[in-house]
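Here's a quick briefing to read alongside the sequence and the coordinates. Have both open and follow along by topic.

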Amino acid sequence: LAAEPEVTPEEEAEETTATDGAETAVALDESDPIYALFKGILPLKKGDGYNQKKSSDERTKIKSVQALIKSLGGDLGKIDGQFGPKSVKGACKAIGKECTDAEVDTFVLDNAIAATMLASAKEKEITATSLTAMIPAASSSSSSSSSSTPSSTTTPSDSGTVEIVFS
C-alpha cells in the first residue's frame, strides 16, 4: 500500500477553512469586468499612491479599487487614488472585518481579498460601469487655468451691476 502524502499545516488549514462552512475560499475570476479595472495593481498596502510617482493609469486603478470598496459599504473618504488608512479601514469593512490601527499598518489587499470583494460585488449586482461612474474625472492642468479664471464683462444696465461669466 502506498503511503498518503504528508499534508502541511498550511494545506490542512486551507482545507478546513474551505470545508467548515465558516469561511469559504473564493477563487479570483480574472475575466471579471470589475477585476479588469484594477488588474495589475495588486497587492495594495497602506501608503500606495502617496509620495510616489504613479502613472495616471496606476492612480486610476487605485481609484477603481476605492470605488469598489465604497460600493461595498466601506467608508474611505474621497476616491483620490491614494490608498491610505481610510481606504484600508474601508476595505476591511467591505469584507466584514474590523481593523485595529496595528492591522491597518500591515494590511495588504491581495488577490484573495479582491476575490472576496468581487464575489460580494457580484451578489450586489455592482457593475464595472457603475464603479467607473463613481470615479471623479481628472482635471487637466491646461484646462483648469482657463476654466477657473472668471472673465468679467460689464453689461449696460441701470443698476450698475457687473455680470461675471464663467467659461
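**Helix α4 and what surrounds it**

The buried residues of α4 pack against three elements: α3, α5 (101-106) and β2 (108-109). Keep in mind that this is a predicted model, so the notes on confidence further down matter as well. The rest of the briefing works outward from α4 to the core, a buried glutamine, the disulfide and a couple of loops.

**The α4 helix itself**

- On α4, the buried set is S87, V88, G90, A91, C92 and A94.
- An α-helix has 3.6 residues a turn, so residues three or four places apart point the same way.
- Just after α4 comes G96, with a positive phi near 80 degrees.

**Overall layout**

- Eight helices and four strands make up the chain's secondary structure.
- Going along the sequence, they come in the order α-α-β-α-α-α-β-α-α-α-β-β.
- The chain has 167 residues, and 27% of them count as buried.
- Take the contacts between residues at least 6 apart in sequence: 51% of them join residues at least 24 apart.
- Accessible surface adds up to about 11000 Å², with 52% of that belonging to carbon and sulfur atoms.

**The nonpolar core**

- The largest nonpolar core contains 32 residues.
- Within that core, I34, F38, L68, I69 and L109 have the most contacts.
- Helices α2 (33-38), α3 (56-71), α4 (85-94), α6 (111-123) and α7 (128-134) each put at least two residues into this core.
- Which residues does I69 touch, once those up to four places away in sequence are set aside? The list runs G74, L76, F83, S87, G90, A91, A94, L109 and M117.
- Several of those I69 partners, including S87, G90, A91 and A94, are also among the buried residues of α4.

**Q66, a buried glutamine**

- Q66 sits in helix α3.
- Is Q66 buried or exposed? Q66 counts as buried because its relative accessibility is 0%.
- What does the side chain of Q66 reach? It gets to the backbone nitrogen of D80, at 3.0 Å.
- Leaving out residues up to four places away in sequence, Q66 touches L76, K78, I79, D80, G81, Q82, F83 and S87.
- L76, F83 and S87 are on that Q66 list, and I69 touches them too.

**The disulfide**

- The chain has one disulfide, and C92 and C99 form it, with their sulfur atoms 1.8 Å apart.
- The angle about the S-S bond is -65 degrees, and the C92 to C99 link is left-handed.
- C92 is one of the buried residues of α4.
- Why do both cysteines count as buried? For C92, it's because the relative accessible area is 0%; for C99, because relative accessibility is 12%, with buried set at under 20%.

**The loop between α6 and α7**

- Both I126 and E125 are found in this loop.
- I126 counts as buried because its relative accessibility is 15%.
- Beyond its neighbours within four places in sequence, I126 is in contact with I34, S71, L72, A121 and L131.
- I126 and S71 are 55 residues apart along the chain, yet their C-alpha atoms are separated by 7.7 Å.
- The I34 in that contact list is also one of the residues with the most contacts inside the largest nonpolar core.
- E125 is exposed, because its relative accessible area is 68%.
- Phi of E125 is positive, near 60 degrees, and E125 isn't a glycine.

**A cis peptide bond**

- The bond from L42 to P43 is cis, with omega near 0 degrees.
- P43 belongs to the loop between α2 and β1 (44-45).

**How far to trust the coordinates**

- Average pLDDT for the chain is 77, and 66% of the residues score at least 70.
- Residues 7-22 have pLDDT below 50, and this stretch has five contacts in the model beyond near neighbours in sequence.
- Residues 140-159 also stay under 50, and there the model has 17 contacts beyond four places in sequence.
- Where pLDDT is low, the predicted coordinates shouldn't be read in detail.

Terms used: Residues are numbered from 1 along each chain as its sequence is written. Side-chain values use heavy atoms; hydrogens and water are left out. A nonpolar core is a set of buried Ala, Val, Leu, Ile, Met, Phe, Trp, Tyr and Cys residues joined through side-chain atoms within 4.5 Å. Buried means under 20% relative accessible area, exposed over 50%, partly exposed in between (1.4 Å probe, protein chains only). Contact means heavy atoms within 4.5 Å. A polar contact is a pair of N or O atoms within 3.5 Å; within protein, one must be able to donate a hydrogen and the other to accept it, and residues adjacent in sequence count only if both atoms are side-chain atoms. Accessible areas come from the Shrake-Rupley method with a 1.4 Å probe; for residues, only the protein chains shown count as cover. A disulfide is a pair of cysteine sulfur atoms within 2.5 Å. pLDDT is the predictor's confidence in each residue, from 0 to 100.
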